[in-house]
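Open your viewer and get ready to click along. This tour goes from stop to stop, saying what to select next and what you will find there.

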Amino acid sequence: MALCVPGKPLQLWDVATGRPMDTPWAPELTREQCMYEPATFTPDSRRLALVTGEKIRIWDIASGTKLTEIRHPNVEEIGFSQDGSFLVTADEKDILLWRVANPDHPVLRHGLSGERATNLQVDLHANRIRYLSGSQMTWPATVRTLDMGRAAISGWMNAVGSGAAFSPDGTTVAFAYQAEGSDVIRVQLHDRRSGQRIAALPQVVCPGPNEKPTCNVLLAFSSDGRTLAFGAAPYPFHSSPAQVSLWDVAGRRTTETITLKEKDRRYVGTLAFALGDASLVMIPNMDSNPMIVWDLRRRTVTKSLSVAKGMRATVSPDRRTLVTGEGNVIDLRSVAPVHGSLKPGLTGSLAFSADGRHLAASDLTGRIVLWDLRLKQRIGLLEPTLEHGADDLNRVSALAFSPDGGILAAGAENGTLQLWDVASRQPIGSPLSTPRDAILALAFSADGRTLYAAGRHTPLQRYELAPDTSAAVICRRAGGGLAAAEWETYFPNQPYQRICPPVPPRTAWPAPASPAPPTPSSTPPRSEQHPSLPSSGPAEARADGMG
């Protein structure tokens, strides 16, 4: 039991013994905090959450260790999942769901529209949030249920991904991660369809200082997807050399480790294959080093250029044009700047359409600009969506065009994933339902019906986009379409239409005039999970989620 006495530290009492517990770590609380700011235990009574001012603090009771801190103002109610891994909060405007281990951003948001939410409960097994709802002036009397979508997927990794890349055909994803405090980077290859890990590449030692190993992960597939260039480079101002190796995807072996001269080995920002995959371009992240072209056959540097740099880069489908994150546009045949091109400026993410007609480049404000192939004309602007004010402006971290170039997928650092219609420059519906994990890379399937995303904690997520697949899910959740008798009840004098495939007959719902029409009690089925790939049904616009 928690006892709040104004002006004294929060007291915890063991109910079984009737004695106070030793809690020297407990904070001192004011009269206002005792009256208005709740203290809540996890269901297993091992953790305590305390709402104070602009944040929520969570402690391990046995050790007194403060586990995490969630910064969010004006919280009125909180509740934990059964295992304590998720926390749900309510304020005057929203219900928010937080992943306790990664509390930087909520993983789900539901607007309250003037109602007050109390008695918050998180049911991970049913993938639901339940709460009591009422107005500000009356006792809550309605039980409401929210579908959590992908917010609480089971495939979440505590390790933080530091880089990801899809093969050009989208069939393979390379995912790199570095354990906290470790100087070792691990790279894994996953099969796109099954989600299974198909290869673990040799470990790469981060070439940063030992006391705080931080470095830039290097990943780049060849145009045919048969070779992966991987490695690590120090961040600016570290003098350690970069390391780059080549991996045979089919043969599952390292074929070469590139050895550069000392002057060429520092400050590599990103990699790209070019010129028929016969060369590997290494783009620096500082002005002091030139961009170099490594000839894979001759195993030597053949050309260099001093005016290109960036932490990101993309190559046109014909492998002739390179665009860097700093806005440099390079002709890879001559290894020279493209004359007459307009520099897009500092960009967050880059992607060419498969036909090479469009280049999408996001800036640091979240806008996406569409350019022609040679960047001589700006042909469109995609304005970002604001979820809840300017502080939540989405900074785009990954872009991908559908195979026909008609749709652009944009993933953000805060985990939102939005589809755009390229022709109209308009968003397609609401953002997709995601686990709110920072998105590192995106790729479409060859038929454009499926979108794949790699995040910092979720190596691979799959989103079914085809309209027929979405319709099938809606019919399944609704328990099938209306029978002829039901149609006549709700749509009198209108020709009957079979909207969903036939299902076993059931009792017709009563007419709207009935005083208490029963509600169907079918629970939407949970999505199937691959052994190592979280997956769910078609992406939908959800009124109760952030995506």
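Start by selecting arginine 19, an exposed residue with a relative accessible area of 59%. You will find arginine 19 in strand E3, which spans residues 19-20. Once neighbours within four places in sequence are set aside, arginine 19 is in contact with Trp13 and Asp14. Keep in mind throughout that you are looking at a predicted model.

**The whole chain**

Zoom out for a moment and colour by secondary structure. The protein chain has three helices and 42 strands. Of its 547 residues, 49% are buried. Among contacts with a separation of 6 or more, 43% are between residues 24 or more positions apart. The chain exposes about 26400 Å², and carbon and sulfur atoms supply 51% of that area.

**A nonpolar patch**

Now select Met1, Leu3 and Val15 and switch on a surface. These residues form a nonpolar patch there, with about 300 Å² of accessible area together. Leucine 3 belongs to strand E1, residues 2-3. With a relative accessible area of 34%, leucine 3 is partly exposed.

**Around threonine 42**

Next, select threonine 42, in the loop between strand E4 (39-41) and strand E5 (47-52). Is threonine 42 buried or exposed? Its relative accessibility is 4%, so threonine 42 counts as buried. Show the side chains here: that of threonine 42 makes a polar contact with the side chain of aspartate 44, at 2.6 Å. Then add the backbone of arginine 46, whose nitrogen lies 3.5 Å from a polar atom of the threonine 42 side chain. Beyond the neighbours within four places in sequence, threonine 42 is in contact with Arg47, Phe80 and Gly84.

**Salt bridges**

The structure holds 14 salt bridges, and the next few selections visit some of them.

Select glutamate 69 and lysine 55. They form a salt bridge in which the closest N and O atoms are 3.6 Å apart. Glutamate 69 sits in strand E7 (residues 66-71) and lysine 55 in strand E6 (residues 55-60), so the pair ties together parts that are 14 residues apart in sequence. Glutamate 69 is partly exposed, at a relative accessible area of 22%, and lysine 55 is partly exposed with a relative accessible area of 22%. Add Lys66 and Arg71 to your selection to see a network of salt bridges that links Lys55, Lys66, Glu69 and Arg71.

Move on to arginine 116 and glutamate 77, which form a salt bridge with the closest N and O atoms 4.0 Å apart. This pair links distant parts of the chain: arginine 116 is in strand E12 (residues 116-123) and glutamate 77 in strand E8 (residues 77-80), 39 residues apart. Arginine 116 counts as partly exposed, with 32% relative accessibility.

Then select arginine 109 and aspartate 94, whose side chains meet in a salt bridge (3.5 Å, N to O). Because arginine 109 lies in strand E11 (residues 108-111) and aspartate 94 in strand E10 (residues 94-99), the pair ties together parts that are 15 residues apart in sequence. Which way do these two residues go, buried or exposed? Both arginine 109 and aspartate 94 are buried.

**Positive phi angles**

For the next stop, have your backbone torsions to hand. Most residues other than glycine have a negative phi. Select aspartate 277, which is not a glycine and yet has a positive phi of about 65 degrees. Aspartate 277 is in the loop between strand E24 (268-274) and strand E25 (279-284). Its relative accessible area is 17%, so aspartate 277 is buried.

Now jump to arginine 436, another residue other than glycine with a positive phi, near 60 degrees. Where is arginine 436? Look in the loop between strand E39 (426-427) and strand E40 (439-444). Arginine 436 counts as buried, at 7% relative accessibility.

**An annotated repeat**

For the last stop, select residues 396-430. An unreviewed UniProt entry annotates these residues as "repeat: WD". If you turn on the cartoon, the span is 54% strand and 0% helix. The C-alpha atoms at the ends of residues 396-430 lie 16 Å apart.

Definitions and conventions. Residues numbered from 1 in each chain as written. Predicted model: local features only at pLDDT ≥ 70, side-chain atom pairs only at ≥ 80, totals over all residues. Heavy atoms only, no water. Patch = residues over 30% accessible without salt bridge, like charges linked within 9 Å, V, L, I, M, F, W, Y side chains within 5 Å. Areas by Shrake-Rupley, 256 points an atom, 1.4 Å probe, with all protein chains shown as cover. Helix = DSSP H or I, 4+ residues; strand = E, 2+ residues; numbered from the N terminus. Buried < 20%, exposed > 50% of the residue type's maximum accessible area, 1.4 Å probe, protein only. UniProt positions renumbered as here; feature names shortened; annotations may be inferred. Polar contact = N/O pair within 3.5 Å; in protein donor to acceptor, adjacent residues only side chain to side chain. Contact = heavy atoms within 4.5 Å.
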